[in-house]
Amino acid sequence: AINADVKNENLSSVQQLGVEMTVRYGKYLNLLKEDAENGLRVVLMSCEKFLKQQQRTVESSLCCLQEPCSGYDWFASSVFLIMSGDGERTLMFLQQFSRLLVSAFLWLPRLHLSMHLPITTVESGIHPVYFCSAHHVEMLLKAELPLVFSAFHISGFTPSQICLLWITQCFWNYMDWSEISHYIALCIFLGPDYQIYLCISVFRHLQQDILKHTEA
């Protein structure tokens with residue numbers, strides 16, 4: 001009954017574009033078959049439907065709080081690729097994964113407008129990953145890589161902005177697929193703090209390029 005209900009709904013233009021990108025990437029990696037697009041659409045609409053059951057109704061002028069979903073679901077798409085396009089296995093995994101604390105840090109739509117958050121946090125429109133993981137990245141960066149931290153300070157950007165983008169997109173377009181899979185596995189098996197360590201590692205890897213661009 002739920003599947004029939006979901007199939008009658010439509011994705012937004014942003015989500016549809018994300019589906020096309022995911023399927024194209026999956027085929028490039030030889031992980032998906034020709035009919036994978038419909039399976040991914042069902043997964044995304046099912047996730048949206050189930051997550052909506054745990055969302056608050058908030059009156060706010062913030063655009064990010066007007067919609068029941070927060071952009072494209074890159075984590076669910078990543079799991080779909082890990083499961084080689086098996087929609088049922090993907091949904092089964094996500095349903096069990098949603099019970100774990102680490103899901104709050106890896107699967108950002110999980111806490112969008114969530115009833116599990118204080119109302120003041122929900123109304124701020126700021127995801128906990130920003131003031132938890134990204135904040136700790138800045139603290140560690142200042143201690144571990146002071147030159148990189150200073151370079152960001154000079155540029156007018158904050159490392160937390162960059163980290164939130166990486167985490168939201170599950171490092172798509174930044175790392176190879178094997179590394180993305182390792183990132184997800186590391187955080188699930190060893191804890192969400194490895195999300196912070198990975199961001200620091202990337203900044204350390206990019207240190208020379210960051211300093212070179214700062215000088216220029």
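## A salt bridge beside a loop

Let's start with Lys27, which is partly exposed at 32% relative accessibility. In this predicted model, the side chain of Lys27 meets that of Glu34 in a salt bridge, with N and O 3.2 Å apart. Glu34 itself is exposed, because its relative accessible area is 68%, over the 50% cut-off.

## A second salt bridge, between helices

How many salt bridges does the structure hold? There are 2. Besides the pair just described, Arg204 forms one with Glu144, and here the closest N and O atoms are 3.5 Å apart. This pair links distant parts of the chain: Arg204 belongs to helix H12 (residues 193-205) and Glu144 to helix H8 (residues 128-144), 60 residues apart.

Are these two partners buried, exposed or partly exposed? Arg204 is partly exposed at 44% relative accessibility, and Glu144 is also partly exposed, at 45%.

## Two asparagines with positive phi

Most residues other than glycine have a negative phi. With that in mind, have a look at Asn30, whose phi is positive, near 60 degrees. You will find Asn30 in the loop between helix H2 (13-28) and helix H3 (36-52). Asn30 counts as exposed because its relative accessibility is 70%.

Asn173 also has a positive phi, about 70 degrees, although it is not a glycine. Its place is the loop between helix H10 (159-168) and helix H11 (177-190). With a relative accessible area of 77%, Asn173 is exposed.

## Helix H11 and its buried face

Following the chain on from that loop brings us to H11. This helix has 14 residues and reaches 20 Å from its first C-alpha to its last, close to the 20 Å expected at 1.5 Å a residue.

Which residues of H11 are buried? They are Trp177, Ile180, Ser181, Tyr183, Ile184 and Cys187. Looking down the axis of H11, you would see these buried residues fall within an arc of 155 degrees, so they line one face of the helix. On the other side of H11, His182 and Phe189 are exposed.

What do the buried residues of H11 pack against? Their partners are H2, helix H4 (74-82), helix H6 (103-106), H10 and H12. Two of these helices have come up in other roles: H2 comes before the loop that holds Asn30, and H12 contains Arg204 of the salt bridge with Glu144. Finally, just after H11, Gly191 takes a positive phi of about 115 degrees.

Note on methods. Residues numbered from 1 in each chain as written. Predicted model: local features only at pLDDT ≥ 70, side-chain atom pairs only at ≥ 80, totals over all residues. Heavy atoms only, no water. Helix = DSSP H or I, 4+ residues; strand = E, 2+ residues; numbered from the N terminus. Buried < 20%, exposed > 50% of the residue type's maximum accessible area, 1.4 Å probe, protein only. Salt bridge = Lys/Arg side-chain N within 4 Å of Asp/Glu carboxyl O. Expected span 1.5 Å × (residues − 1). Arc of directions from axis to C-beta. Contact = heavy atoms within 4.5 Å.
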